Amino acid sequence: MSKNNLFSSYDKLPNTWDEMYNDNAEFRSQYDVFIEYLKSTSPENLSNKEELAKQLFMSQGVTFTVYNNNEGIEKIFPFDIVPRIITAEEWDKIERGIKQRLKALNLFIKDIYHDQFIIKDGVIPGELIYSCPYFLREMKEVKVPHDIYVHISGVDLIRNEDGEFYVLEDNLRTPSGVSYMLENREISKRLFPGILPKNEVRSVSNYPNYLYKKLKELTNIINPNVVLLTPGIYNSAYYEHTTLARLMGIELVEGSDLVVKDHFVYMKTTNGLKKVDVIYRRVDDDYLDPLEFKAESVLGVAGIMAAYRKGNVIIVNAPGTGIADDKAIYIYVPDMIKYYLDEEPILKNIKTYQLGKPDELKYVTEHIKEMVIKKTDGSGGYGMLMGHEASEEEIKDYLDNVNKKPDGFIAQPILKLSTAPCFIDGKLSPRCIDLRPFALTGTDGIDICPGGLTRVALKKGSLVVNSSQGGGSKDTWVLKNK
């Protein structure tokens with residue numbers, strides 16, 4: 001197959017799954033339509049499209065905030081114009097795997113806050129639950145509407161060198177990134193208007209409508225008042241909060257806009273108080289209610305937990321869901337699937353070592369150059385040690401920290417993340433990627449938006465895809481039939 005100069009310098013990484021090329025250096029069929037376009041265009045034209053994408057992101061205000069030395073720096077979210085393309089067959093497995101996983105995780109959270117059968121049957125050690133910072137004793141025996149704890153989730157997947165998708169982590173508290181998925185698609189429509197329909201790419205644009213529908217159906221009230229609770233303009237995902245509230249046609253509120261009266265939540269308006277029925281909160285548990293959690297919090301609402309326990313307001317996601325996305329609990333998700341569903345996991349976990357176990361800590365220490373170590377309650381790529389990149393001094397300092405509280409850390413082997421073509425410096429070049437599909441759970445079951453956020457490690461050779469650590473993203477095309 002002939003290649004123009006866009007492809008001639010594509011340096012496929014050894015022992016790595018490439019999304020565009022197979023092992024015989026042939027194009028994978030799902031890329032046929034897009035490659036046909038690339039062959040008919042020039043690097044200059046693609047550079048112009050890349051510049052247009054930057055201008056569109058700038059004009060739309062698509063930003064995130066990186067915190068460094070206590071300073072918040074607002075940045076444009078880096079976007080690669082070449083889409084990541086997933087076949088219908090691949091997506092079917094991803095979809096079934098995520099649905100299975102979320103069913104089990106939701107049953108687990110309900111069990112942990114009620115009967116705790118999974119502890120009594122010896123599947124998960126009780127001390128692991130009670131020592132987890134995300135376990136909320138305040139949620140014990142609380143009746144949650146429709147028994148749905150996790151309404152909105154973003155499950156991080158990676159594809160290993162064997163071509164299989166593995167779950168990297170479950171984001172079940174206040175998962176972010178969906179606004180970038182939506183914006184990436186809008187940019188793609190502008191850049192490649194004829195290619196999406198020709199390729200039969202499934203739409204992601206209905207996500208806000210599906211989300212609003214799921215939120216409304218949680219209550220029996222005919223026209224419920226649904227609001228989005230944001231920590232405010234200084235939060236790194238504030239752009240996303242404003243976008244989702246606008247697209248759903250609901251009020252964006254801060255804690256100071258709400259008040260609890262007689263165990264009901266009200267929103268302050270120019271016409272007086274208006275009752276709130278459903279709160280999609282983007283405020284972490286610790287800051288949700290100063291009467292029950294952090295007393296100094298000004299981000300939440302005093303008395304909101306009492307109103308919630310009485311069933312007078314619905315909070316999405318439910319408080320306490322973090323118990324199921326803690327990295328120490330992640331190890332047991334395959335066991336949960338077998339325990340609650342009596343099924344084998346469709347999507348596998350990555351091999352994970354608990355550093356609170358002396359033999360596993362010893363093994364990880366001896367093989368540190370092949371490991372990535374993470375805090376069990378960490379997120380955003382912060383506080384990790386990439387063994388193959390760290391200096392001896394950095395390793396020593398990090399292990400000193402681990403040894404102070406080893407059960408606060410897990411380790412995983414450094415994986416070969418799959419690569420996808422990126423347009424960098426006027427040519428196509430492979431970069432490591434992951435995938436965060438977004439799932440919505442409601443009274444009518446689980447729906448997964450056919451796409452997701454593909455994050456890219458834009459730095460050559462890097463495995464870190466987090467935007468806060470220099471990563472970017474690309475549009476994710478799920479094909480209808482191929």
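Student: What makes β7-β6-β11-β12 an open sheet with edges?

Tutor: In this predicted model, four strands line up in the order β7-β6-β11-β12, with parallel pairing. β7 (251–253) and β12 (314–316) each have a single partner strand, so one side of each is left without a neighbour in the sheet. From one strand to the next, the twist averages 30 degrees.

Student: How do you know that β11 and β12 pair?

Tutor: Two strands pair if there are at least two bridges between them. β11 (residues 278–281) and β12 have three bridges, in the parallel sense, so they pass that cut-off. Y280 stands opposite V316 in β12.

Student: Good, now to helix α6. Why is L128 called buried?

Tutor: Buried means under 20% relative accessible area. L128 has 16% relative accessibility, so it counts as buried. L128 sits in α6 (residues 126–130), and leaving out residues up to four places away in sequence, it touches A328, I329, Y332 and Q354. The C-alpha atoms of L128 and I323 are separated by 9.9 Å, although these residues are 195 apart along the chain.

Student: And α14? What puts its buried residues on the same side?

Tutor: The buried residues there are E360, L361 and V364, in a helix spanning residues 358–366. They cover an arc of only 100 degrees around the axis, which puts them on the same side of α14.

Student: What do those buried residues pack against, and which exposed residues does the face turned away carry?

Tutor: The buried residues of α14 pack against β14 (353–354), β15 (371–375), α15 (392–404) and β17 (409–413). The face turned away from the buried side carries P358, D359, K362 and E366, which are exposed.

Methods
Residues are numbered from 1 along each chain as its sequence is written. This is a predicted model: local features need pLDDT of at least 70, side-chain atom pairs count only at pLDDT 80 or more; totals for chains, interfaces and linings use all residues. Side-chain values use heavy atoms; hydrogens and water are left out. Helices (H or I, at least four residues) and strands (E, at least two) are DSSP runs, numbered from the N terminus. Axes are lines fitted to C-alpha atoms, for helices over the stretch in contact, and angles run from 0 to 180 degrees between N-to-C directions. Buried means under 20% relative accessible area, exposed over 50%, partly exposed in between (1.4 Å probe, protein chains only). Contact means heavy atoms within 4.5 Å. The arc is that of the directions from the helix axis to the C-beta atoms.
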